[in-house]
Amino acid sequence: PSVWWVWGPAQAINAGDGMHALGRLALFRLLDRNVSAKTAFRAVQVLDEAGLRACEGRFLDLEAQERIDTTTSSYLRMAADKEGALYACAMQLGALVAGGSEACVEALRQSGLDLGVAMLVRSDIAELSPSDNPSEEVMNKKKMLPVVMAFESASTSQRRQLGDIYFKRVLEPADLPKLLEVLEDVGAIEASREVLGQHALSARTALESAGLSSEGLKLLTESLDSMVESQLGP
């Protein structure tokens, strides 16, 4: 259960603010590890920029719940902000603190951005798998990538079916088989897997351009592959 569900929205906001402060304090402790003040303050800036971008992405994510005209391009923008910014921040900070060149820091940032998008798409596909216990986000009409792509490519009758489902306040258990049938008919799941594969490949390509040691490149590539490969197959 989430913090807001157990202790209420006010305490969840309070906890989030506290965690943000802890993150900044952790980065300022870099000064005690012989990291230059310039690098430490840049690290704090990277963290805050990522936090703001993630909030903007979450805004777009929530706004899309009540819309049926969300496009694939708008979804990918949301994903890059909401999820990509956080992965990009983590990889950028590692390169920055390790003393990587500007080109290396930027390459790892881009790799993280693509990895974050791939991971969100991976999560969407997993949540839309047949299940006796669908996630709360599915039931609350979250516009996951397969759903967005289905709305874009569906026939008139299929759009009508999707509209019957998504014009409700929340989905009902009986809606899920109908939804999954439409997603299958229009090939939305497979199309989403292709998007996942494209962003995973872009993340690897960016890694390879970072100028890392062969050992470092192997380690990060293996980590990246292990995170996304479960959804790349049939």
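**Helices, salt bridges and ring pairs in a predicted model**

Let me start with arginine 67, which counts as partly exposed because its relative accessibility is 39%. What we are looking at is a predicted model, and I will keep to what can be read from its atoms. The partner of arginine 67 is aspartate 69, and the two form a salt bridge in which the closest N and O atoms are 2.9 Å apart. Aspartate 69, with a relative accessibility of 47%, likewise falls into the partly exposed class.

That pair is part of a wider set, since a search of the whole structure returns 14 salt bridges, and I would like to walk through some of them. In helix α5, which runs over residues 102–127, arginine 109 and glutamate 106 sit three residues apart, about one turn of the helix. These two residues are joined by a salt bridge, again with the closest N and O atoms 2.9 Å apart, and glutamate 106 is partly exposed, at a relative accessible area of 39%.

The next bridge is between aspartate 225 and arginine 204, where the closest N and O atoms come to 2.5 Å. This pair links distant parts of the chain, with aspartate 225 in helix α11 (residues 214–228) and arginine 204 in helix α10 (residues 188–208), 21 residues apart. Aspartate 225 has a relative accessible area of 22%, and because buried means under 20%, this residue is classed as partly exposed. There is also a network of salt bridges, and the residues linked in it are Arg58, Asp61 and Lys82.

Asp61 brings me to helix α3, where it is one of the buried residues. How far apart should the ends of the 28 residues of helix α3 be, at 1.5 Å a residue? For residues 37–64 the expected span is 40 Å, and the end C-alpha atoms are 41 Å apart, so the two values agree. The buried residues of this helix include Thr39, Ala40, Val44, Ala54, Gly57 and Leu60, and among the elements that cover the buried residues of α3 are α2 (9–28) and α4 (72–97).

From α4 I would pick out aspartate 81, which is found in that helix. Is aspartate 81 buried or exposed? Its relative accessibility is 7%, and aspartate 81 therefore counts as buried. Leaving aside residues up to four places away in sequence, aspartate 81 touches Arg53, Ala54, Gly57 and Leu60. With the first of these there is a polar contact as well, side chain to side chain, between aspartate 81 and arginine 53 at 2.5 Å.

Let me finish with the aromatic residues, for which the count comes to three aromatic pairs. In one of them, tryptophan 4 and tryptophan 5 have ring centres 5.4 Å apart and planes at 90°, which makes the pair edge-to-face. Tryptophan 4 is partly exposed, at 41% relative accessibility, whereas tryptophan 5, with a relative accessible area of 60%, is exposed.

Another pair consists of phenylalanine 151 and tyrosine 166, whose ring centres lie 5.8 Å apart with planes at 65°, so this pair is edge-to-face too. Because phenylalanine 151 belongs to helix α7 (residues 145–153) and tyrosine 166 to helix α8 (residues 156–166), the pair ties together parts that are 15 residues apart in sequence. Phenylalanine 151 is buried, at 5% relative accessibility, and tyrosine 166 is buried as well, with a relative accessible area of 4%.

Methods: Residues numbered from 1 in each chain as written. Predicted model: local features only at pLDDT ≥ 70, side-chain atom pairs only at ≥ 80, totals over all residues. Heavy atoms only, no water. Helix = DSSP H or I, 4+ residues; strand = E, 2+ residues; numbered from the N terminus. Expected span 1.5 Å × (residues − 1). Buried < 20%, exposed > 50% of the residue type's maximum accessible area, 1.4 Å probe, protein only. Contact = heavy atoms within 4.5 Å. Polar contact = N/O pair within 3.5 Å; in protein donor to acceptor, adjacent residues only side chain to side chain. Salt bridge = Lys/Arg side-chain N within 4 Å of Asp/Glu carboxyl O. Phe/Tyr/Trp six-rings, centres within 6.5 Å; stacked < 30°, edge-to-face > 60°.
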